[in-house]
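Trainee: Please take me through one part of this structure, up close. Start with a single side chain and work outwards from there.

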Amino acid sequence: MEFVSGYRDEFLDFAALLFGWFRKFASERGTGVGGGNGPEGRSRLMEAQVRRLPPDPALWVLHILPNRSVGISLGQGAKQGPGPGLGAARLLGDEPPLCLRDLSPYVSFVSLEDGDEEEDGEEEGTGGEEGELEEEGEQATTSQEPIQDTETPGEPEDAEEEAGEDSSGGDTREDGEEEMGPEKRRGKRGDAAPLHLACLLLVTDEHGTILGIDLLMGGPQGSGVRATGAEGLAQRAYTLLCHSMVCPMGAGDPRRPRQLTVGDPQLHRELESLVPRLGVKLAKAPMRTWGPRPGFTFASLRARACHVCHRHSFEVKLMPCPQCGAVLYCGETCVWADWRRRPDDVSHRFWCPRLAVFMERAGELAALPFTYTAEVTSEMFNKEAFLASRGLTRGYWTQLSMLLPGPVAPGYLPGNGPPLSLLLSGDPYQLLQGDGPPLMPPLPPDPPRGPFGSWQDYYAWRGLGLDSPLAVLLTYPLTVYYVITHLVPQSFPELNIQNKQSLKIHVVEAGKEFDLIMVFWELSVLLPHVALELQFVGGALPPENDQQHFTLQRDGSGVSVRPGSGVSAHPGSGAKEKGSRRDLQIKVSARPYHLLQGPKPDLVIGFNSGFGLKDTWLSSLPRLQSLRVPAFFTESSEYSCVMDEQTMAGATGGGTSPPQPNPFRSPFRLRAADNCMPWYCNAFIFHLVYKPPQGSGIRPAPGPTPPVPAPTVPLVPARRRRGEKRPSRGGRRRRWLTCSSMACHILYLTCLGSTF
C-alpha cells in the first residue's frame, strides 16, 4: 500500500479534483445522462430530478470569469519546455508528482497579447482554473459585455480534457489569429498553439465551496453574432447549475439552493426564465463583484477519493474498510484488488490489522492543550477558513495555505526560498505575523529553568495564550529543542550533549523547513548558552542559495521584536562573532546529503522524511551509516515510520528505534484524500539504529511490532487458509514443512530417518 498524505502538494489534489469533476461533467453532458427523447427530454428529466432535491439554505453564486490574455501551453516534459503530447490523465493520473515544481516542464502560461510569458511560479498545476480566477477576475466586474459562447456544439471542452491528443490543435477553431499569431507568441516551444480558456463558469456557495466548473475554450473576442453567443452561454450555465446540484463537487449530498445570484448582468437576465424551473429563486439583481465574500476558501478539498481507482466522492459513494476503518474504497471490486496486491507485503490483507492499530492513536495525537484543538484535529478541518478568519494570510502562513496573496517582499514567492532581504531586516519574527497585533510576545526576562516537554509548558514560559496558532510554525524549532534536551540524552547518554557549548546540526533533505528558516531563531532563545550551527542540506533547496552562510546574532543584552533592532544578520563571513555564544549560524548546501563534504556533525535531523518517496535516501542513509552520528527523524504518521524502517533495513541493514509521539507536533491535522488515518506534521520521532561494524557480533535490537489480529473481512479463500505450515516430528532437527510437492516431502522424511 502507498499513501502520500502529508507529502504531496495540496494544490495538486485541488487541480485533480477540478479536472476530475470537469471530465465527468463533460462526459455526462455529451451523452445526456438520464435518457429522454432528445435534448428537451433530457432537460425535463434533469429538472425533475433537481426539484426533488432537498434545499440548501446557503446562497449559491454563479461566477463568470473571462480570460483575454493568458494561454496555457501543455507539453511532454522535455527540458526545452512545453510541447505537444501531454494528456490530463498523465498530468493528474495515478502517480502525480509530489511537488508543484515537478509540473514546470509540463505546463506554462503564455501571453496572448504581447507574447510575454507569465511568470506564475508555483501555480502551474492548475492550468487555467485558479490562475485566471485571480488574474482576470476583476475584468468580470467592469465588463458590461457578456462573454460570447463562440464554440461549436461538439464538446470543445474535450480539447482541454484530453489535452494530450488535442493540444496540437489547441484552439480547435484556429481562433485569435490577431491575438495568438506565431509572430506574437513566445510560447511556441513545441508545435502546439497555446490553449485559450476564454471563460470559466464557476458555481460556489457563499462559503466558498466549489460546486461545479465549466471551461469554455474561446474564439476571438467580438466574432460571431452576439445574440446567439448569449443564448449559448445561458444554456451552458443552466446545464452547469443542474449538474452542480445533482453532483456537487465539494463535500455534501446533492441539493439545490433556495436562492441563486449571478455575477454578470446579461447572463442574469437570460437565466430569469430558466432558473425558476428548478425550484430555485433567482436574486433580483446580479452580483456586483466577481467573487464570493472575503471569507472564500477552498472547502472543496473535503472531497475524498477511492484508494485504488482514485474516483472522487462526487462520482461514487465511498466507505472505509469495515475492518480497519482506515482506507476508503468505492466498492467490493477495489476492496478485493487492494486485498490481493502482489507482493503480499503491499496488500491491504497484510496492512489491514496494522492500520487498525494506527487508527487507535487518533485520540492520543489529538490530545493537545489549545483552545482550537477540536477544530483543527477534525477530519473535516478547513485549514484555509481557519487561517483566513485569523488574518493569517501573509508571511510564513502562506506556506500552509492555498490562499496565496501578493508577495510580502519584492521577489518573494512561497516555495522559492527565504527572502534574504527580510532576513537582514533585523526582526526574526516579522514573517510570523498576521494582519493583527504581533503574535510573538517579548522575550521572558529569565531563561528556561528546565527543559520543556509539552506545548503547554513552553507557551506558559513564552507568554503565549493557548489560543495562539504559532505552534503550527514553531513545531520545527521546538522539535529540534526536544531532540537535544530529551531524546539524545536518553538514547545517547555518552555524548553528554546538554553540556556542550556548541552544536553542529545537519537538517537533511531540507525543503519546506528551509522556507521557514527564521523560526529557528527560537532555538537561540531556548538554548542561550549554546552556539548553534544549522546546515540545511538537500537537492530540493534553491540552487541560488547554495553555499550561502550567514550568522544571526544578538545585538544587545536581549532580543527585541521591534523593527530595526534585535537580531542582525551578517552574511558570508563564516567567522564566529566574538564575545557571545548566543548566535545562530546558517549554512546552505543545495545537494543530496551523500554528496556533502565537510566536518562531521554532532546531530542530524530530518523532518517528515518519507524515505520511500525519494531515491536519494538510498544513498543518504548509507552515508549516515558510515558517519554513525545520532540521526533523528520525524514522520507525519505511524505508517510512514514503518515504511522508513523497511527502507533503512534495505539500504543499510540497520533499523530504526520504535517511533514515539512528538509532544511538539503541529496541531493541524493534514488532509488525507484516500484514507481516514490521523496525519500531523512532525507527529512521530525515531532515530536510526545503525548496523554494527563487521566482527562486533552485536545485532541491533528490533523494535516491537504491533499486535496483529487475525483478518476477518474480507474473507480469504479457504484454499489459502488450509495451506498453512505444520511442524515435523524431528527432535534436534525440528523444522517447518511446506507441502509443495509429494516427492520433496518423501525425500525429506527419508533424510530425517537416516539420522537416527
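Mentor: Start with a term. A polar contact is a pair of N or O atoms within 3.5 Å; within protein, one must be able to donate a hydrogen and the other to accept it. Keep in mind that this is a predicted model.

Now take arginine 256. It sits in strand β7, residues 256-257. A polar atom of its side chain lies 2.8 Å from the backbone oxygen of glycine 279. Along the chain, arginine 256 and glycine 279 are 23 residues apart, and their C-alpha atoms are separated by 8.2 Å. Is arginine 256 buried or exposed? Its relative accessible area is 16%. Buried means under 20%, so arginine 256 counts as buried. What is it in contact with, leaving aside neighbours within four places in sequence? One group is Val50, Arg51, Leu53, Pro54, Pro55 and Asp56. Met245 is also in contact with arginine 256, as are Leu278, Gly279 and Val280.

Arginine has another kind of partner. Side chains of opposite charge can pair when their charged atoms come close. The structure holds 17 salt bridges. Look at three of them in turn.

Aspartate 214 pairs with arginine 236, with 3.0 Å between the closest N and O atoms. This pair links distant parts of the chain: aspartate 214 belongs to strand β6 (residues 210-217), arginine 236 to helix α9 (residues 226-246), and 22 residues separate them. Aspartate 214 is buried, at 0% relative accessible area. Arginine 236 is buried too, at 12%.

Next, arginine 304 and glutamate 379. Their closest N and O atoms are 3.1 Å apart in a salt bridge. The two are 75 residues apart, with arginine 304 in the loop between β9 and β10 and glutamate 379 in the loop between α14 and α15. Arginine 304 is buried, at 15% relative accessible area. Glutamate 379, at 43%, is partly exposed.

Then comes glutamate 638, bridged to arginine 361 with closest N and O atoms 3.1 Å apart. Glutamate 638 is in helix α22 (residues 638-652), while arginine 361 is in the loop between α12 and α13, 277 residues away along the chain. With 14% relative accessibility, glutamate 638 counts as buried. Elsewhere, Arg8, Asp13 and Arg671 form one network through salt bridges that share partners.

Helix α22 brings us to a last stop, helix α21. Residues 617-627 make up α21, and its buried residues are Trp617, Ser620, Leu621, Arg623, Leu624, Gln625 and Leu627. Their cover includes β17, β18, α22 and β21. Just after α21, arginine 628 has a positive phi of about 55°.

Strand β18, residues 631-635, holds threonine 634. Threonine 634 is buried, at 2% relative accessible area. Beyond neighbours within four places in sequence, threonine 634 is in contact with Thr479, Gly606, Phe607, Asn608 and Ser609. Asn682, Phe684 and Ile685 are in contact with threonine 634 as well.

Technical notes. Residues are numbered from 1 along each chain as its sequence is written. This is a predicted model: local features need pLDDT of at least 70, side-chain atom pairs count only at pLDDT 80 or more; totals for chains, interfaces and linings use all residues. Side-chain values use heavy atoms; hydrogens and water are left out. A salt bridge is a side-chain nitrogen of Lys or Arg within 4 Å of a carboxyl oxygen of Asp or Glu. Helices (H or I, at least four residues) and strands (E, at least two) are DSSP runs, numbered from the N terminus. Buried means under 20% relative accessible area, exposed over 50%, partly exposed in between (1.4 Å probe, protein chains only). Contact means heavy atoms within 4.5 Å.
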